[in-house]
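Please open the model in your viewer and keep the sequence panel visible. The tour below proposes a series of selections and states what is to be found at each.

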Amino acid sequence: MSAIRPKILIVDDTPANLLALRKILNKLDVEVIEAASGNDALIHCLEHDFALALLDVNMPGMDGYELAGLMHDEPRTAQVPIIFLTAAYSDEIHRRKGYDVGAVEYIQKPVDDFILRSKARVFLELYVSRRALEAELARTTAMTQVLRESEARLRHAVSEAPIPIMIHAEDGTVVLLSRVWTELTGYGASDIPTVGDWTARAYGDKGPEIARRIKSLYTMDGPRAEGEHEVITADGSVRVWDFRSAPIEKLPDGRRLVISMAVDVTERHRVQEELAGKTSELERSNADLEQFAYVASHDLREPLRMVNSFLGLLDKKFGPELSDEAHEYIGFARDGAKRMDSLILDLLEYSRIGRNALPDQAVDLGLALATAQSNLTVAIEESGATLNLPETLPSLCVDMGEFVRLFQNLIGNAIKYRSPDRAPVISVTATPRPNAWEFRIADNGIGIESQYYDRVFQIFQRLHSRAETAGTGIGLAVCKRVVNRYRGRIWVESVPGEGSTFCFTLPVPKPGG
């Protein structure tokens, strides 16, 4: 803020006297305003704020006493100190008259330079101090208003916040509660005037321990997560709140304040408990289903072996006596039993996935791929297929048998659904991705229409008749089940008539995870 440069009003009907006063006052850091009459002086009073007025007593028209009286009666100039300057009236009567109209001093002309400047300096310093005090008072008043408005906004924000909030002081006083706090707990400001009242009501036997924790908050220098706590409400129900606290500006009396906020996670806990129960129930159900499928698949093979055995005996014993039509029926029956046995074997394989514990040591997926290639040797040779395989594959903690089956099913499908116009060309690649490996098995076969991309991975789903291709429709479902076990993803990309690419990812655990 710039320094205040005071103004002095000098009034005299004699120009020489005005000039003399100006020369005396110029040695002070002031702005001098001159007036040759009382009327001119009043006009200046409307335009300026004066620190001091020097008035000549004997002036034509309006003398100094009249001018002083008018200035004294006007609120704008009532506080301006007035010094009378006179050469003619120096008796006690005139002095009293001057003081009666508000004068603070009465100086005889000719004026002593030193005395006038000394007296003027005193009033100037008083003026500057008063103006500085007024400015400080105005600033303080403005700041007080700002603080009051800020406090009102804070109170409103806390009161109407959509979460439970409590502001509390280090002496235990609860300064402010949000409306949601009261709505969720049933405790208003009158119920819990102190932190001790709150902890006793909300935490039961744990109240003293929680009170000690809260007391330690007043010395923290930043926000702090306090974790989840069970809160007993006024109606006896229990809610779970996740608390966070932070220090805020002290009270005017120096007491430290803490704002404690909570997120009501009661519903989330309830949902998590229900979900955990349903997950456990689902896991038991899946285990029972897998066990049933395993046992059923295993036990169903025995009646099929009996059916095949008796069909063979029937053909052997009564074959010469049977008609061609009877032989055809026996062939249909044996073929159906054979397909049923294949279906049961595939279903048995499907139910076995995930039954074995994962190994502690990583296994070489290159060995799994080589084993799958060896198992498919006959199909590869008969189809004239060309396999482009990577030199190495990563080692991961997976079940070797499951991944042999995964590669064998995907490569076997590429051979099975080859184009009749060209020999199969199958390429296997493995590419590292962020936190995962991506595998791609690409072929140049007949391809798949996009509307069947999801269907091909469903169990017992076939896109071709048995007359066109053999199979049970379980192979790709097995692949999906294997990949899902390791939290991976499997999908297909294809161009009908040009070929398909089956892709799957395997997440790699993060270090320390």
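The stops run from the whole chain to a cavity, then to a group of strands, and finally to a helix and the loop after it.

**The whole chain**

Begin with everything displayed as a cartoon, bearing in mind that this is a predicted model. The chain contains 14 helices and 17 strands. Of its 513 residues, 37% are buried. Now consider the contacts with a separation of 6 or more: 59% of them join residues 24 or more positions apart.

**The cavity**

How many cavities of 30 Å³ or more does the structure have? The count comes to one. The largest cavity holds about 130 Å³ of space.

Select the lining and show it as sticks: Met166, His168, Trp181, Trp198, Tyr203, Ile210, Arg213, Ile214, Glu226, His229, Phe243 and Ser260. Colour this selection by residue class, and it divides into seven nonpolar, three polar and two charged residues.

Next, colour the elements that carry these side chains. Strand E6 (165-169), helix H7 (195-203), helix H8 (207-216) and strand E8 (224-232) each supply at least two residues of the lining. Which of the elements gives the largest share of the lining? The answer is H8, with three residues.

**Strands beside the lining residues**

Keep E6 in view and add strand E10, residues 257-264. The two strands pair in the antiparallel sense over five bridges. Select methionine 166 and serine 260, which are bridge partners across this pair; both also belong to the cavity lining.

Now add strand E9, residues 238-248, which pairs with E10 over eight bridges, again in the antiparallel sense. Within this pair, proline 247 has valine 258 of E10 as its bridge partner. Phe243 is another lining residue to mark.

**Strands E12, E14 and E15**

Hide the cavity and select strand E12 (residues 386-388) together with strand E14 (residues 425-433). These strands are parallel and pair over three bridges. Threonine 386 may be labelled with its bridge partner in E14, valine 425.

Add strand E15, residues 436-442. In what sense does E15 run relative to E14, parallel or antiparallel? The two run antiparallel and are joined by seven bridges. A convenient pair to label is threonine 431 and glutamate 438 of E15, which stand opposite each other.

Then move to threonine 429, which lies in E14. Among the residues more than four places away in sequence, threonine 429 touches Glu438, Phe439 and Arg440. A distance label between the C-alpha atoms of threonine 429 and isoleucine 441 should read 6.7 Å, although the two residues are 12 apart along the chain. Is threonine 429 buried, partly exposed or exposed? Its relative accessibility is 36%, and threonine 429 therefore counts as partly exposed, since that class covers values from 20% to 50%.

Follow the chain into the hairpin between E14 and E15, where two residues separate the strands. Select asparagine 435 in this loop. Its phi is near 65°, a positive value in a residue other than glycine. Asparagine 435 is partly exposed, with a relative accessible area of 47%.

**Helix H14 and the loop after it**

Select helix H14, residues 475-485, and show its buried residues: Leu476, Ala477, Val478, Cys479, Val482 and Val483. Pause on cysteine 479, which counts as buried because its relative accessibility is 0%. Then locate cysteine 45, also buried, with a relative accessible area of 5%. How many disulfides are found in the whole structure? The search finds zero.

Finally, step past the end of H14 to arginine 487, in the loop between H14 and strand E16 (489-495). Phi of arginine 487 is near 60°, a positive value in a residue other than glycine. Arginine 487 counts as exposed because its relative accessibility is 74%, and the cut-off for that class is over 50%.

To close, display asparagine 435 and arginine 487 together. Asparagine 435 sits in the loop between E14 and E15, whereas arginine 487 follows H14.

Definitions and conventions
Residues numbered from 1 in each chain as written. Predicted model: local features only at pLDDT ≥ 70, side-chain atom pairs only at ≥ 80, totals over all residues. Heavy atoms only, no water. Pairing = 2+ DSSP bridges. Helix = DSSP H or I, 4+ residues; strand = E, 2+ residues; numbered from the N terminus. Disulfide = S-S within 2.5 Å. Buried < 20%, exposed > 50% of the residue type's maximum accessible area, 1.4 Å probe, protein only. Contact = heavy atoms within 4.5 Å. 1 Å grid on protein atoms, 1.4 Å probe; cavity = no way out; pocket = protein on both sides within 12 Å on 5 of 7 lines; lining within 4 Å. Points joined across faces, edges and corners; volume = space filled by probe spheres on them. Nonpolar A, V, L, I, M, F, W, Y, C, P; charged D, E, K, R; others polar.
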